[in-house]
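Visitor: I'd like to learn how to read a model like this one, feature by feature. Could you walk me through it?

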Amino acid sequence: MPKTAKPKAAPAAPTPIPLSSPAIRGNAWKYVKECLDTEWVSSVGRFVGLFEKSVAEFTGSPYAVAGVNGTACLHVALKLAGIGPGDGVIVPSLTFIATANAVSYCGAAPLFLDCDETRFNLDLDQLEDFLSRCKKGGSDLVTPSGVPVKAVMPVHVLGFPVDMDRLQAICEKHRLILIEDAAESIGSTWKGRHTGTFGKLGVLSFNGNKIITTGGGGMLLTADEELAKRARHVTQQAKSDAAEYLHDEIGYNYRMTNVCAALGLAQLEVLPEFLDQRRRISDWYRTELPKVRVEETGKDAVWNKWLMAAQVTTAEAKADLLRKLNEAGAQARPLWVPVPMQKPYRGAFSANIEKAKRAYDTVINIPSSTSMTEKDAARVAKVLREAPLERLLV
């Protein structure tokens, strides 16, 4: 009898390289264990206050108030700033949808503007042009369709700071409230000042894919003591009596838990190490791809390099590169679909957003996890070398 050939074993799948996974180090187990051992696991416990104090010190914000997630903190920030039904809030078209959703939670109208071509932040040229075409309506600027423009909420996209000097000047000129969606940008600064501390209020996120995480969580930053007090109040259901269930306004169950804060405090302690590692990853990509143009940060911005990116020439090249990276075990993703193109916002006001559309069509976020190794970067770069790259944001 002839021997039957054994089937060849399928090649082993490559070890995955995550896009931006958490790195749990330092005192995380110790602090979380203390919560479990003492049974202080809910929104009362020593770690919530410690985490708030530590974030305030790190960012230079006089006050910090912890919440369950960044979106909840954006909602509270808008409410505290007086944004309500019928108000207009200028937001970027290229952002995670939560930015616009927080505006909608208040009954207000998001007014979508385009992004710039270099870093995909809010297009400040278009912003100035848009505001110049609004009319005075009492103390407000009013859009041609009659919406009072009350605030601007920029996003520091991929963690890269907006030109805050120019944006602050625009807001002051037109008497607009500035609220920063700094969800992605812990560790980023503009002229030495941390993102999230320029406006009336700012918000950080500690979602699982951020540089530091609490699993889910956010932080509201402000220099206004009264706003900080109100934020603590409304995020705890606006309870006004220590013993009785008395509430003096509509509040929210938005307070961060002690367990999450314990993890966050441990993460914050090692954040400088994480930021250093992100810079090393950037250097590895530059070394592996020496012929590709790199978009430099400039002298005013310090970028945390939360998510690094590669831009190709066409939408077809993007789809091909995404497929090849993921086949190679390197998790990659496109930028967000511009929010005015999303079903809930197709009827909302939107300026021309051609630059946001092109960014979506041609930009891919590449692995940027703190845990990445030099070999990981080389694996990613090997795939990138075969693509028609325009530039790197690393």
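**Reading the model, one feature at a time**

Guide: Let's start with a helix, keeping in mind that this is a predicted model. On one side of α5, Asp125 and Ser132 are exposed.

Visitor: And which residues of helix α5 are buried?

Guide: Within α5, residues 124-132, the buried set is Leu124, Gln126, Leu127, Phe130 and Leu131. These buried residues span an arc of only 155° around the axis, so they sit on the same side of α5.

Visitor: What do the buried residues of α5 pack against?

Guide: Their partners are β2 (88-92), β3 (109-113), β5 (140-142), β6 (148-152) and α6 (164-174). Have a look at the start of α5 too: there a side-chain oxygen of Asp123 comes within 3.0 Å of the backbone nitrogen of Asp125.

Visitor: On to cores. How many residues does the largest nonpolar core have?

Guide: The general idea is that in soluble globular proteins, nonpolar side chains tend to be buried together. Here the largest nonpolar core has 100 residues, and Leu325 and Ile366 have the most contacts inside it. Take Leu325: setting aside neighbours within four places in sequence, Leu325 contacts Ala330, Ala332, Ile364, Ile366, Val380, Val383 and Leu384. Apart from that core lies another, of 32 residues, including Cys73, Val76, Ala102 and Phe112.

Visitor: How about a single buried residue, say Phe47: what is Phe47 in contact with?

Guide: Phe47 belongs to helix α2. Its relative accessible area is 1%, and since buried means under 20%, Phe47 counts as buried. Leaving out neighbours within four places in sequence, Phe47 has contacts with Tyr31, Glu34, Cys35, Asn258, Ala261, Ala262 and Leu265. For a sense of scale, Phe47 and Gly329 are 37 Å apart, C-alpha to C-alpha, and 282 residues apart in sequence.

Visitor: Where is Ser61 found, and is Ser61 buried or exposed?

Guide: Ser61 is in the loop between α2 (46-59) and β1 (63-67). At 6% relative accessibility, Ser61 is buried. A polar atom of the Ser61 side chain lies 2.8 Å from the backbone oxygen of Tyr63. Not counting residues up to four places away in sequence, Ser61 touches Ala56, Thr197, Leu221 and Thr222.

Visitor: Now sheets. What is the strand order in the open sheet of three strands?

Guide: In general, strands of a sheet pair through backbone hydrogen bonds, either parallel or antiparallel. In this open sheet the order is β9-β8-β12, and the pairing is antiparallel. The edge strands, β9 (193-194) and β12 (301-302), each pair on one side only. Zoom in on β8 (residues 189-190): β8 and β9 pair over two bridges in the antiparallel sense, with Thr189 standing opposite His194 in β9.

Visitor: Which backbone angles should I stop at? What is phi of Leu158, and of Arg175?

Guide: Positive phi in a residue other than glycine is the thing to spot: phi of Leu158 is near 60°, and phi of Arg175 is near 55°. Leu158 is in the loop between β6 and α6, whereas Arg175 is in the loop between α6 and β7 (177-181). Leu158 is buried at 2% relative accessibility, while Arg175 is exposed at 70%.

Visitor: Last topic, charges. How many salt bridges does a search of the whole structure find?

Guide: Side chains of opposite charge can pair when their charged atoms come close. The search finds 25 salt bridges here. One is between Glu226 and Lys229, at 3.7 Å, N to O. Both of these residues are in helix α7 (residues 225-234), three residues apart, or about one turn of the helix.

Visitor: Which pair links distant parts of the chain?

Guide: Arg385 forms a salt bridge with Glu288, with 3.3 Å between the closest N and O atoms. That pair is 97 residues apart: Arg385 is in the loop between α12 (374-384) and β16 (389-393), and Glu288 is in helix α9 (residues 271-288). Arg385 is partly exposed at 47% relative accessible area, and Glu288 is partly exposed at 26%.

Visitor: And which residues are linked in a network of salt bridges?

Guide: Asp320, Arg323, Lys324 and Glu327 are.

Terms used
Residues are numbered from 1 along each chain as its sequence is written. This is a predicted model: local features need pLDDT of at least 70, side-chain atom pairs count only at pLDDT 80 or more; totals for chains, interfaces and linings use all residues. Side-chain values use heavy atoms; hydrogens and water are left out. Buried means under 20% relative accessible area, exposed over 50%, partly exposed in between (1.4 Å probe, protein chains only). Helices (H or I, at least four residues) and strands (E, at least two) are DSSP runs, numbered from the N terminus. The arc is that of the directions from the helix axis to the C-beta atoms. Contact means heavy atoms within 4.5 Å. A polar contact is a pair of N or O atoms within 3.5 Å; within protein, one must be able to donate a hydrogen and the other to accept it, and residues adjacent in sequence count only if both atoms are side-chain atoms. A nonpolar core is a set of buried Ala, Val, Leu, Ile, Met, Phe, Trp, Tyr and Cys residues joined through side-chain atoms within 4.5 Å. Two strands pair if DSSP finds at least two bridges between them. A salt bridge is a side-chain nitrogen of Lys or Arg within 4 Å of a carboxyl oxygen of Asp or Glu.
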